[in-house]
Amino acid sequence: MKGQLILIPGRSSKQGVGLNKGKLKEEYIRVTTTLELSFEDAQELGLETADIVKISNHIGETEVQVKVLKEGKLPIGYAFIPYGPPSSCLFDGETCGTGMPASKGMTIDVEFIKKGVKKKTALPPKTAVG
Amino acid sequence: MSAASKDIKVVNEKIVENATCTFCGCCCDDITLTVDMDKKVITKAKDACVLGKSWFLNHVIEDKPIARIAGKEVPLDDAINEAAKILMDAKFPILYGMSDTVCEAQRHCAPIMDDCGGTIDTTTSVCHGPSGMAFQGVGEPTMTLGEVKNRADFVMYWGGNPAEAHPRHFARYAVTPEGMYTPNGKDDRTVVIVDIRHTKTAGVSDIFLQLKPGKDFELLWMLRAACKGVDIPDDCKDICGVEKEVVEDLFQRMKNCNYGVIFFGMGLTMSRGRHFNSGALMALATDLNEFTHFVAKPARGHGNVTGADNVVSWQTGYPFGVNFSRGHPRFNPGEFTTVDTLSRKEADAALIIASDPVANFPKPAIDHITSDKCKLISIDTKNTPTSEAAHVSIQTSTYGINTGGTVYRMDDVPISLRPAFDSPFPSDLEVLTKLRKKVNELSKKANRPYATKKYM
């Protein structure tokens, strides 16, 4: 169960609420370690909500929990993750002379690690340079 | 005293009317706060959105040291002295952040970097920095949110998700409010959303265009060409994912409205093309003025990131990515912006104010800023990965809740803050005033040629 997707990191209201409670607190960590997949891609990859997957690219890798969206909410081939330390560990430092790293539209590998528990606990931060 | 009267709690309550929420760039200044002055907490935030409520209601006075050096508690002045020494001893000091503090504090930042020959950059460089570059390239057809509320009958959001990032933008400024020339609120407006995802924002739209990822520039350029009389191409759907007929209908609506506005988000600035995308959008808004009144505005994120741009601009001439190493300000995104100076391992000291690059920057930049090659100084209101990794960490009070001052709303309108209650922590203004003074003293002692520049 391994495949490639395009990752779109972005803001979410839950991430904003978690940020106000504290970036070192459970809620923020849980929100920023949740990877949203389209229904079709989840089926293709054999993944279900709460599964733990490794996402990686040439910059780094991290483990996140899957949330499968309803059909039509996300284009096929794309994944969404709220901004936070897990998404940052996949960003390249190259800014093409603008100061802005290309933070949207990164190709990532997604690999199933293990079954998880639905929305109960946050993943401990676990990142490594690739 | 009877048993019943023992149960009566007398709460020392304070009501703050027209308080400003500084969480996002909307800077809503109509919030009514109820403050428990004994416990020093805000118990109610009437009219605030979900983000505003979490901003106000989660604010507590934490029991922790004001200043730390290498994790050990120290007096504030010691931390400031250490920070000043680090900045003056560094070969390539940088200052980054400033988007979550007041303009009165921000104005001390450029002089600090000027005195130590460093580089100043705001969070704009990883937000709407490309839009800032595009402003210089094509200009900005601008407005205030008050104009939008009263006049706009065509409202477009492109590459942004205000339902989650600026929840009151719809109700307060752009979609549902009843304006002078839009008395029926949403019924008088056409709301268009352009995004690659069907976000919560798409739910309020009259027209939703689900664009192919990375094809913003193509669609914008088609619309620009249409302004000059060029037909929308037949293979429009193949190019950008939207049917030709839909784009033609959209163009007619844009042309025929009385007052059109496009708000754009980081879906444009963070995607391939970056400043070309923002530039194309603003050029389109300008082109549409051949037919009607049309404006465009970036939907800014942090509470006072617009203020940071304004302050750095009026002090140095440029909004972000400004270097003082030659004794005069030089602007060069890609060279003097923080992701670059860190990823290239150039910076050897970093003063981070009211922001959190260790949580949000690319991995190569985080690796450098947290390494022993770069001395990290953090001035922030909360514990963050950056404050935890810092060699010198100073905790300050929160703007808009504990301290007053001025912030700029996303449409460049300045707003005065009404704080709710005091904090035992010093304000950013107090800390930066002291740091500026100390850096200036050291700069004079070292006979730095650029010391004691005068700023307003």
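## Strands side by side

Two strands count as a pair if DSSP finds at least two bridges between them. Keep that in mind as you look at this predicted model. In chain B, strand 8 (residues 154–158) and strand 11 (residues 259–264) run parallel and are joined by five bridges. Look at Tyr157(B) and you'll find Phe263(B) of strand 11 standing opposite.

That pair belongs to a bigger picture: an open sheet of five strands in chain B, with the order 10-9-8-11-12 and parallel pairing. Strand 10 (207–210) and strand 12 (293–298) sit at the edges with a single partner strand each, so one side of each has no neighbour in the sheet. On average, neighbouring strands here are turned by 15° against each other, ignoring direction.

## Helices 10 and 14 of chain B

Now for the helices. Helix 14 of chain B lies across strands 8, 11 and 12 of that chain, at about 155° to strand 12. Helix 14 (residues 275–287) also packs with helix 10 (residues 216–227) of chain B, at an angle of about 20° and with the axes 9 Å apart. The two helices are therefore roughly parallel, and their crossing is left-handed.

Who makes the contact? Helix 10 of chain B supplies residues including Phe217(B) and Trp221(B), while helix 14 of chain B supplies Phe276(B) and Leu284(B), among others. The residues of this contact split into 10 nonpolar, one polar and three charged.

## Where the chains meet

Chain A brings 40 residues to the contact and chain B brings 46 residues. On the chain A side, helix 1 gives the largest share, five residues. That side divides into 17 nonpolar, 17 polar and six charged residues.

How values were computed
Residues are numbered from 1 along each chain as its sequence is written. Chains are lettered from A and ligands numbered from 1 in the order in which they are written. This is a predicted model: local features need pLDDT of at least 70, side-chain atom pairs count only at pLDDT 80 or more; totals for chains, interfaces and linings use all residues. Two residues are in contact if their C-beta atoms, placed from the backbone, lie within 7 Å. Helices (H or I, at least four residues) and strands (E, at least two) are DSSP runs, numbered from the N terminus. Ala, Val, Leu, Ile, Met, Phe, Trp, Tyr, Cys and Pro count as nonpolar, Asp, Glu, Lys and Arg as charged, and the others, Gly among them, as polar. Axes are lines fitted to C-alpha atoms, for helices over the stretch in contact, and angles run from 0 to 180 degrees between N-to-C directions. Angles under 35 degrees count as roughly parallel, over 145 as roughly antiparallel, 65 to 115 as roughly perpendicular and the rest as oblique. A crossing is left-handed if the near helix is turned anticlockwise from the far one by less than a right angle, and right-handed if clockwise.
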